[in-house]
Structures are given as structure tokens and as C-alpha cells.
Amino acid sequence: MPSTGAWLRRSDPERRAAARPGVALAALLTGLLTAWLLFDGLGPNLLVLGAAVAVGAGVTARAAGRRIRPWTAAWSLLALALLAVPACWDASWPGVLAAVGALALASLALHGGRRWAGVLFPLPGILWQLVPSVVWVWESVDRRNLPGRGRIVPVLKALAVAAALLTVFGLLFASADAAMADLLGSLSPDLDLDQLPGRGVLFVLGSATALGFAHMAAGPRRWDRTVIRPGRERRRLEWALPLVALNLMFGVFAVIQAVVVLGGADAVLSNTGMSRSAYARQGFWQLSVITVLTLVVVAVAKRWAPRSTAADRRMARILLGLLCLLALAVVASALGRMWFYVDASGLTRLRLWVLVVEVWLGAVFLLLIAAGLTRRTGWLPRVVVLSGMLTAAVYGLMGPDAIVAEQNVTRYERALRTDPHTAAIDLRNVRRLAADAVPALDRLPEPQRSCALQLIGQGVGGASKPWYATNLAAARAREILAERPLMDSTAPGRTACDWARLAYEDR
């Protein structure tokens, strides 16, 4: 069995271009940009920083003789779409997910893999490029005979010592004399010393990220060369019997679901004595786990499937394809139950997220079925990753918090028209949403409106952020709250939520 080092050496690049002096300078500038732009929050600054890192990596790739290929362009454009999420919406979770996805796609664009190993291993590639990239720059500069090096290095050292002396003695003089402090304050940039540690971390992070991507561009690992051998072939009966049994169970479940649909869900609910919300809540999470486990079973079974003869391969395709087809019934049932749940109890962030993931898992099963029918799987790894990243981009760009608020407010408005005495909205849920929810929550009547917007108003009503750390949703929320301020309490010790009869304790 080959050692880990031998396994890793198979993916070593043929050659790696030396780091030019401009690479280190570009990384330092990117670090300064990161410390300046990213300290106040997420927004359009991610697009600016992404462009800066892309320019550095692109120049390095061009120097290494690399060309832009169609998949490289596709991954890069999708990464830019992900970076646009924080510029549009205020919710933090989709923004963080988009930033992580953009880093993974940028790494994949520079590696350019095709097979499963070549597509999956590069996704976290930036994590193990940080230290080697610094060594790469140091060795390249150390080998290069820079003109005037003997004169430049002493000057840089002298400037560093002078800066240190001026900083120490300047602080002492400023604390000793008010006039001196005023003079030095007018000459020095306005910077809060308490921010220095945080900005320093961002500077290191930005510089290391820029160097890491430049290091990839100069000579990425070729993970496609990684050999992942299939598992030991099993006998036909040993392999097929568990899958046949599992397919039968899935088939029985699919038949029961068909009977439920044809006979009406209300009849089933009356027989079980459960409410629509309880019926959905009881089954959705289990069905979601079944969906994920089915993907694991398909992957494991494919690895150990019999493949000696054409009949073996045909049997494997039939049984695995049937399992994927029946898994679509599980996906449809899970989505139907969540629809019951949302209709009865409203939409939340978690419910929307798992709905999106469940839809993506259904798409993965469709791709597996298509690969089995066409008997060509070379396209499958990249398309599966593409579908996942497209799902993350769509999820972020559609504004999850805005959708949650819109669904809950629309549901409440419909209840007010049909049965105003029982109409209610879960204020505990919508109060925790980001500024993206303000346009929808603004339609609520008082005092529900002021209660729902209270926490959001405190968040967007504070100190204004610079343009590079804000977003369109927060700007729109400020405009709405400025036009229609929240109601004041009309009695001492009572708030809008008290008037709306919001129960703070969990029920």
C-alpha cells in the first residue's frame, strides 16, 4: 500500500512558476485593503477584495503560461455572483455561506479538476496553501538577484527603525504636552488604537489569502491524478440482496404516499388523529435524513458493485437507478410534509434552508439517474458541484429573510380577511430577522408592526456604516423606518410587544 507521501506526490504540479517581486507587493496591498474595508462588516467590500485577489492570481497564472478555459470562467463568474450576496442583503448567514462558497470556487477555478478527486479536493484548497505560499515567495525572492538590493535593504531597515522611534517618542510627547498632542494628532491618521488588533488580523488574513491563490495559480496540484481504486468486487447475491430489500421498502413507502395523495391527506390525518402541523413535523426530518443516507448507500454500493461481466454491470445500474428513482418519492414526500408544516405554522429560516437543501438533493438524484441512463459519468462531478454552488448562490441572492417575512405577513393578511378573530403571526420568529424583512413587516398593522421591527430598527438605526460595508436592504430599511417611525409606548413600562401580547417565554 503506498504511503501518504507517495499518494500526495502524484498530484504535484509539473512545474511552478517563481514568485515575481510584484506578487508580494500585491499581497501586502490586498492585506491593507482587507484591514481597511472588511473591519466594518460585509458588503460590496467583498467584491472589491475578490477582484484584487483575482488580479493577483490572474497575473501569476499568465506568467506561468496558463490559459482561461470554459470551466475556469464558469467557476469564476459563479464566485463573483456569490460575493454579490452581502452587497444585496443584510442577513449574515447567507453572506458567510456565499463568502465560503466563493473561496471554494476560486480554488476550483485555479485547479481545474474533472474527476471526483479533482473537483472535491480543491474546494478547501486555500487552507493548505497559506504556509507553502509564504515559503514560495521567500525562496523566489531569495534566489533572485534584485538590482540595487544592497542599497534598498538598508534603507528599508532604516525606515522601519525610524517609524518605531517616532511612534514611541511621539506617544510620549503627546501625553506630556497638549499642544504637541494636537499637532501630532493633525499629522497622524485618525485611527482608534483599539481597532489595531482586529485590523492586524484582517491584514494577515487578506495577505495570506492573496498569496495562497497566487501560489495556486503558479502551479496547482493536479488532483485528477489521484488514483481512488474501486472497492473489492462483491459476489452478485452478496451485493444485490441488501439493495433489493431496500428497494422493496422504498417501493412500499412510495405506494403508501400515492394512496395518501389519491385518497386525500385529510383522511389520513383523521385516521391518525394528528394535526397537519404534527403530521408534517413528525416525518419531515426523518425523510430528510433518509435522503442523505440514500446518497451514502448509492456511493458505497457503487464502489463495491460487481463489474466483471456485462450482466453484472447492467444489474448494478438497474438496482442503483431504481433506488435513486424511489428516493425521488422520498424527496417529494419530504417537501409535501414541509409544505403542510409551513402552511400550519409559518416559514422560518431553518425551514426555508432545509427546503432548499432537499430540493438540491432531489436534483442530485436526477443527475445520478441521467448518468446511469447515458452510461457516461465524466460530466457528473463538475455538474454536481455546479448544482450545489448554484443552489447556494440562488439561496443567497433571493434574500431568505425577505422570503420568510413575506410568507408570514401574507399568511397573516389572509387570516385577517377570512377569520380575523383567530389571525396571528409568530412575532418571536420575525423579530429575529435581518433588515431584509423590513419591506414585508412594514405592512403589518400596529402594534404588531412596531413589535416586529423593534430589534431590526435598533440594528439599522445605529451609527451609519461606510458604503463598502453596507447593503441595499439596510439602506431600504432605513428609508422605510425614517418615513414611518415605530410607535412610542403609550403607557409607562409597556412596549409595542406588550400591546401585541407577545409571549417572550418559549411555549
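Trainee: Is Ser133 buried or exposed?
Mentor: This is a predicted model, and Ser133 is found in helix 8, residues 130-143. The cut-off for buried is under 20% relative accessible area. Ser133 has a relative accessible area of 0%, so Ser133 is buried.

Trainee: Which residue has its backbone oxygen 3.0 Å from a polar atom of the side chain of Ser133?
Mentor: Start from the serine, which belongs to helix 8. A polar atom of its side chain lies 3.0 Å from a backbone oxygen. That oxygen belongs to Gln129.

Trainee: Which residues are in contact with Ser133, leaving aside neighbours within four places in sequence?
Mentor: Set the sequence neighbours aside, Gln129 being the partner by its backbone oxygen. What remains is a set of contacts with Ala208, Leu211, Gly212 and His215.

Trainee: How many helices and strands does the chain have?
Mentor: The chain has 507 residues, and buried residues make up 39% of them. Strands number 0, and the helix count is 23.

Trainee: What share of the contacts with a separation of 6 or more comes from residues 24 or more positions apart?
Mentor: Take the contacts in the chain with a separation of 6 or more. Among these, residues 24 or more positions apart account for 80%.

Trainee: How are helix 3 and helix 11 set relative to each other?
Mentor: Helix 3 spans residues 45-63 and helix 11 spans residues 196-218. Their axes come within 8 Å and cross at roughly 25°. Angles under 35 degrees count as roughly parallel. Helix 3 and helix 11 are therefore roughly parallel.

Trainee: Which residues make that contact, and how do they divide by class?
Mentor: Helix 3 brings Val53, Ala57, Thr60 and Ala61. Helix 11 brings Ala210, Phe213, Ala214, Ala217 and Ala218. By class, this contact has 8 nonpolar, 1 polar and no charged residues.

Trainee: What is the handedness of the crossing of helix 3 and helix 11?
Mentor: The two axes cross at roughly 25°. The crossing is right-handed.

Trainee: How far apart in space are Leu49 and Ala210, C-alpha to C-alpha?
Mentor: Leu49 is found in helix 3, and Ala210 is one of the helix 11 residues in the contact with helix 3. In sequence, Leu49 and Ala210 are 161 residues apart. In space, their C-alpha atoms are 9.4 Å apart.

Trainee: Which residues does Leu49 contact, leaving aside neighbours within four places in sequence?
Mentor: At 9% relative accessibility, Leu49 counts as buried. Its contacts are with Thr30, Leu33, Thr34, Leu37 and Leu38.

Trainee: How is helix 6 set relative to helix 11?
Mentor: Helix 6 covers residues 92-111. Helix 6 and helix 11 pack at an angle of about 25°, with their axes 9 Å apart. That makes helix 6 roughly parallel to helix 11.

Trainee: Which residues of helix 6 and helix 11 meet, and what are their classes?
Mentor: From helix 6 come Leu103, Ala106, Ser107, Leu110 and His111. From helix 11 come Thr209, Phe213, Met216 and Ala217. The class count is 6 nonpolar, 3 polar and no charged residues.

Trainee: How is helix 21 set relative to helix 22?
Mentor: Helix 21 runs over residues 448-460, and helix 22 over residues 472-483. Their axes come within 11 Å and cross at roughly 125°. That makes helix 21 oblique to helix 22.

Trainee: Which residues meet there, and how do they divide by class?
Mentor: Helix 21 offers Arg449, Leu453, Gly457 and Val460. Helix 22 offers Arg478, Ile480 and Leu481. These residues divide into 4 nonpolar, 1 polar and 2 charged.

Trainee: Which side chain does Arg449 join in a polar contact of 2.7 Å?
Mentor: Arg449 lies in helix 21. With a relative accessible area of 1%, Arg449 is buried. Among the residues that Arg449 touches are Leu441, Asp442 and Arg484. The polar contact of 2.7 Å joins its side chain to that of Asp442.

Trainee: Is the peptide bond from Glu446 to Pro447 cis or trans?
Mentor: Pro447 is found in the loop between helix 20 and helix 21. Most peptide bonds are trans. From Glu446 to Pro447, omega is near 5°, and the bond is cis.

Definitions and conventions
Residues are numbered from 1 along each chain as its sequence is written. This is a predicted model: local features need pLDDT of at least 70, side-chain atom pairs count only at pLDDT 80 or more; totals for chains, interfaces and linings use all residues. Side-chain values use heavy atoms; hydrogens and water are left out. Axes are lines fitted to C-alpha atoms, for helices over the stretch in contact, and angles run from 0 to 180 degrees between N-to-C directions. Helices (H or I, at least four residues) and strands (E, at least two) are DSSP runs, numbered from the N terminus. Angles under 35 degrees count as roughly parallel, over 145 as roughly antiparallel, 65 to 115 as roughly perpendicular and the rest as oblique. Contact means heavy atoms within 4.5 Å. Ala, Val, Leu, Ile, Met, Phe, Trp, Tyr, Cys and Pro count as nonpolar, Asp, Glu, Lys and Arg as charged, and the others, Gly among them, as polar. Buried means under 20% relative accessible area, exposed over 50%, partly exposed in between (1.4 Å probe, protein chains only). A polar contact is a pair of N or O atoms within 3.5 Å; within protein, one must be able to donate a hydrogen and the other to accept it, and residues adjacent in sequence count only if both atoms are side-chain atoms. A crossing is left-handed if the near helix is turned anticlockwise from the far one by less than a right angle, and right-handed if clockwise.
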